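Visitor: I am new to this structure. Please take me through one part of it closely, step by step.

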Amino acid sequence: MPRLVPPVIPPGRMRGGPQPVLPAPDGLSLRPWLSSDAATVVTAYRDPAIQLWHRRQLLTEAEARELIAAWNRLWQAETGAAWAVVRGDQGEPLGRVSLRDVDLDTGQAEVGYWVLPAARGGGIAVSAVTGLSRWALGDLGLHRLELMHSVANLASCRVAARAGFRLEGVMVSALLHADGWHDMHLHARTQGE
Ligand SMILES: CC(C)(COP(=O)(O)OP(=O)(O)OC[C@H]1O[C@@H](n2cnc3c(N)ncnc32)[C@H](O)[C@@H]1OP(=O)(O)O)[C@@H](O)C(=O)NCCC(=O)NCCS
């Protein structure tokens, strides 16, 4: 059946090269995850807030290495990508920022993030989401980024607003968490905003 609208981004733009290191404000960089980051990932998923909002627990470094390998396969599949947030351009991860549900055809993706408890409160999440969004809506060429969080996650709502994601509405009873169904805020930012 003939298409009336071309893909927003042609297939291959992501997997055609390596996953890049991205600059972020305040001297931060976003780099691909390394298998040697496994201990940090285990520490992150021991945090009750990360467990609650990301609906996952990790018990061992072996599980963390599998998770990191799965994150790194997303780039080749062009369905997502995950970066470690670091100071300078290498170093120990302070947090994670990611794209999920990347659809190059429609030019859309969803942004996700967490910051290690010891690194919170210093603007890392806002800088990381800002750096990722600039690249995703700029060089990569996505048209629209969505960001969703439980209405009970006030910190995440502040991150979204400060990174330029306008609140578009409430999705009622939209995602099952360990403590039940949560209403979710839908935020979004589009190319050129
Ligand atoms: C949400 C999270 C990523 C914020 O990371 P961070 O680096 O500490 O955030 P920042 O320092 O960039 O702060 C962003 C804003 O959140 C606010 N904030 C931080 N903790 C807060 C809290 N518990 N309640 C309300 N606001 C909070 C900050 O005051 C700041 O807003 P302001 O500039 O208007 O004062 C971090 O708390 C986290 O990883 N939480 C657990 C996982 C999670 O919630 N992930 C997102 C799922 S959608």
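Guide: Here is a walk through the sheet, the helices across it, one residue in a strand, and the ligand. Keep in mind that this is a predicted model.

Start with the sheet. Eight strands make it up, and the sheet is open. Reading across, the order is β1-β2-β3-β4-β5-β6-β8-β7. The pairing is mixed. Two strands stand at the edges: β1 (22–24) and β7 (166–177). Each has a single partner strand, so one side of each is left without a neighbour in the sheet. From one strand to the next, the twist averages 30 degrees.

Now pick out one pair. Strand β3 covers residues 81–87, and strand β4 covers residues 95–103. These two run in the antiparallel sense and pair over five bridges. To find a bridge by eye, look for A82. Its bridge partner in β4 is S98.

Next, the helices that lie across the sheet. Take helix α3, residues 61–77. Helix α3 lies across β3, β4 and β5 (108–115). Its direction is about 120 degrees to β3. Then take helix α4, residues 124–137. The strands that α4 lies across are β1, β2 (28–32), β3, β4, β5, β6 (144–150) and β8 (180–190). Helix α4 runs at about 30 degrees to β4.

Stay with β6 for a moment. H149 has its place in this strand. Is H149 buried or exposed? Its relative accessibility is 3%. Buried means under 20%, so H149 counts as buried. Its side chain makes a polar contact with the side chain of H187, at 3.0 Å. Leave aside the neighbours within four places in sequence, and H149 is in contact with S156, C157, D183, M184, H185 and H187.

Finish at the ligand. How many residues surround the ligand? There are 23. The closest are G121, G123, N153, R158 and R162. G123 also appears in a backbone approach: one of its backbone N or O atoms lies 2.7 Å from an oxygen atom of the ligand. For V115, a backbone N or O atom lies 2.8 Å from a ligand oxygen atom. At V126, a polar backbone atom is 3.2 Å from an oxygen atom of the ligand. Taken alone, the ligand exposes 930 Å², and the protein buries 72% of that.

Note on methods
Residues numbered from 1 in each chain as written. Predicted model: local features only at pLDDT ≥ 70, side-chain atom pairs only at ≥ 80, totals over all residues. Heavy atoms only, no water. Pairing = 2+ DSSP bridges. Helix = DSSP H or I, 4+ residues; strand = E, 2+ residues; numbered from the N terminus. Axes fitted to C-alpha atoms, helices over the stretch in contact; angles between N-to-C directions. Contact = heavy atoms within 4.5 Å. Near = heavy atom within 4 Å. Polar contact = N/O pair within 3.5 Å; in protein donor to acceptor, adjacent residues only side chain to side chain. Areas by Shrake-Rupley, 256 points an atom, 1.4 Å probe, with all protein chains shown as cover. Buried < 20%, exposed > 50% of the residue type's maximum accessible area, 1.4 Å probe, protein only.
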